[in-house]
Amino acid sequence: MKILVTGGTGYIGSHVVVELLKNGHEVTIIDNLINSKTTALKNIGKITGQMPIFHHANLINYGTIEKIFKDTRFNLVIHFAGLKSVSESVEKPIMYYQHNLTGTINLLRAMQVGHVNKIIFSSSATVYGDSKNAKRTEDMPTGQNIANPYGRTKYMIEEILKDVCAADPKFSAVALRYFNPIGNHPSGLLGEEPNGIPNNLMPYVMKVASGELKELNIYGNDYDTPDGTCRRDFIHVTDLAGGHLAAFRAVKTPGFKAYNLGTGTPTSVLEIVNTFEKISGKKLPHKFAPRRPGDLAEIWADPSKAKKDLLWQTHLTVEDAIRDTLTYLENHQ
Ligand code: UD1
C-alpha cells in the first residue's frame, strides 16, 4: 500500500515506519522536525535498507499538504504529527489547539481532495480521564476530567473523526489509544529524545542514567497502590508499532473504531527504577517527591478488543524495553 505517515520521524512514528517498510509498504513521511531530526530517516534506512519519501512540511500550512495529496494517490494515512508535552500544553493551550486540531483538520481536508478515506490516528489512554476502574475498556466514557489541553486535543480529534465517519459512509477511522510506550528498536538506532527536561518517566530515567540529570524524582509514594507509587501500562514501542499494522484489519471497514494498545499488566514507577538498576547493574539516583498534579494513581489497558478484532497482542516485556533503552544509551554516549 501507499501510506502517508505524518510525524514519521518522531519516536513512535519512526518505529511504525520501520515495520511498514519491512512489510513491503511504500511510505511517504510528512514531518516539521519540531521534535525530531533527519537522522531518524538515515537510521530507518540503516535498519530496513530502504528510504521513505520525506517532505519537510507542517500540517498547519494547508497549501503544502494539499499539494502532496494532489501529487500522490495514497491508500491510507497514519497520523502521528502533533505536539505532545503535557506541561507545555498547560502553558500554551492555543499553540496546542492550533497545531493538533488545525493540523488534523487540514489533513482531513487534503484527504478529501486526494480521495483518501482511511486514517489510523495516534490517540492516547488520556482520553479516558479519571475513573474508579483502573483497567480501561474502549466502551468507557471519554472526554471527562481530562487533566490538560494536550489530552483534550486527543479527545477532540477522536470526536472530529467520529463526525467525519458519520457524514461519509465510506470513511473509516481507527483511533489507537496508547498506554505508556517505552523502549526502542533493539538496534538502539531509533529512540525518544525530547527537547529540554523531559516530562515522561523513561526519558527522564535515561537522562539520569547518562549523568545529564542528577536524580529522578518519583512523584508520590503515598498512593493507594501496592508500593505507594503510581502504576502504568508500559508497552514496548515495537509491540505498539505492530498494533498499527494489525489495525489495517479494522480500517478496511467504514466507520469509527477505537482500540486500546497496552499489555494489560500494570507496573509501578518504583518497579521500573528497580528493574532498570537490576538490568544496568548500576544505581539510578532517585528520591521520593510530592505527587505531580493531574496524575492518576493507576491506569492500565484491557487489550482484549484489540486481541479479538485485530489479532494483536504484546510479546515484549518491560525488561526487554529497558534492555533496548540501555543499548540506545550506549549508542548515544
Ligand atoms: C503522560 C500524560 C499522557 C500522555 C503520556 C505519554 C499526564 C497526566 N498524562 O502519561 O497524557 O499520553 O504521558 O506522553 O501527564 N514520573 C515520575 N517522575 C518523573 C516522570 C514521571 O515519578 O520524572 C511518574 C509519573 O508521576 C507517573 C509515571 O511516572 O506516575 C508515568 O509518567 P509519564 O511517563 O509522564 O506518563 P503518564 O503521566 O502516565
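Which glycine just after α10 takes a positive phi? Select glycine 281 to find out: its phi is about 70°. Keep in mind during the tour that this is a predicted model.

**Stop 1: helix α10**

Step back from glycine 281 and select residues 269-280, which form helix α10. Check its length first. The helix has 12 residues, and at 1.5 Å a residue they should span 16 Å. The C-alpha atoms at its ends are 17 Å apart, which agrees.

Now color the buried residues of α10. They are Val269, Leu270, Ile272, Val273, Thr275, Phe276 and Glu277. What do they pack against? Show two helices, α7 (201-209) and α12 (318-331). Then add the strands β9 (216-219), β11 (234-236), β13 (267-268) and β14 (286-289). The buried residues of α10 pack against each of these elements.

**Stop 2: isoleucine 235 and asparagine 180**

Stay with strand β11 and select isoleucine 235, which lies in it. Is isoleucine 235 buried or exposed? Its relative accessibility is 0%, so it counts as buried.

Show what isoleucine 235 touches beyond its sequence neighbors, leaving out residues up to four places away. Asn180, Pro181 and Ile182 are on the list. So are Leu240, Leu261, Gly262 and Thr263. Trp312 and Thr314 complete it. For a distance check, pick the C-alpha atoms of isoleucine 235 and alanine 301. They are separated by 10 Å, with the two positions 66 residues apart along the chain.

Move to asparagine 180, in strand β8 (residues 180-182). Asparagine 180 counts as partly exposed, at 26% relative accessibility. Its contacts are Arg232, Asp233, Phe234 and Ile235, again leaving out residues up to four places away in sequence. Now pick alanine 125. Its C-alpha atom is 8.4 Å from that of asparagine 180, though the two are 55 residues apart along the chain.

**Stop 3: helix α8**

Select residues 237-246, helix α8. How many of its 10 residues are buried? The count is 8, so mostly covered is the right description. Color them: Val237, Asp239, Leu240, Ala241, Gly243, His244, Leu245 and Ala246. You have met Leu240 already, as a contact of isoleucine 235.

**Stop 4: helix α3**

Next, select residues 62-71, helix α3. Tyr62, Ile65, Glu66, Ile68 and Phe69 are buried. Turn the view to look down the helix axis. The buried residues fall within an arc of 155°, so they line one face of α3. On the other side, Gly63, Lys67, Lys70 and Asp71 are exposed.

What lies against the buried residues of α3? They pack against strands β1 (2-6), β2 (26-31), β3 (53-56) and β4 (76-79), and against helix α5.

Now select isoleucine 60, in the loop between β3 and α3. Isoleucine 60 is partly exposed, with a relative accessible area of 23%. Not counting residues up to four places away in sequence, it touches Gln98, His99, Thr102, Gly103 and Asn106. Then find glutamate 91, 31 residues from isoleucine 60 along the chain. Their C-alpha atoms are separated by 20 Å.

**Stop 5: two loop residues**

Which residue in the loop between β2 and α2 (39-48) should you select? Pick leucine 33. Leucine 33 is not a glycine, yet its phi is positive, at about 60°.

Histidine 115 is the next selection, in the loop between α5 and β5 (118-124). Its phi is positive too, at about 55°, although histidine 115 is not a glycine. This residue is exposed, with a relative accessible area of 57%.

**Stop 6: the cavities**

How many cavities of 30 Å³ or more does a search of the whole structure find? There are 2.

The largest has a volume of about 50 Å³. To see its lining, select Tyr11, Ile182, Gly183, Asn184, Gly191, Glu192, Met202, Met206 and Thr325. These residues divide into 4 nonpolar, 4 polar and 1 charged.

The second largest cavity holds about 40 Å³ of space. Select its lining: His79, Phe80, Ala81, Gly82, Asn100, Thr104, Phe121, Lys154 and Ile157. Helices α5 (93-113) and α6 (149-167) each supply at least two of the lining residues. Sort this lining by type, and you get 4 nonpolar, 4 polar and 1 charged.

How values were computed
Residues numbered from 1 in each chain as written. Predicted model: local features only at pLDDT ≥ 70, side-chain atom pairs only at ≥ 80, totals over all residues. Heavy atoms only, no water. Helix = DSSP H or I, 4+ residues; strand = E, 2+ residues; numbered from the N terminus. Expected span 1.5 Å × (residues − 1). Buried < 20%, exposed > 50% of the residue type's maximum accessible area, 1.4 Å probe, protein only. Contact = heavy atoms within 4.5 Å. 1 Å grid on protein atoms, 1.4 Å probe; cavity = no way out; pocket = protein on both sides within 12 Å on 5 of 7 lines; lining within 4 Å. Points joined across faces, edges and corners; volume = space filled by probe spheres on them. Nonpolar A, V, L, I, M, F, W, Y, C, P; charged D, E, K, R; others polar. Arc of directions from axis to C-beta.
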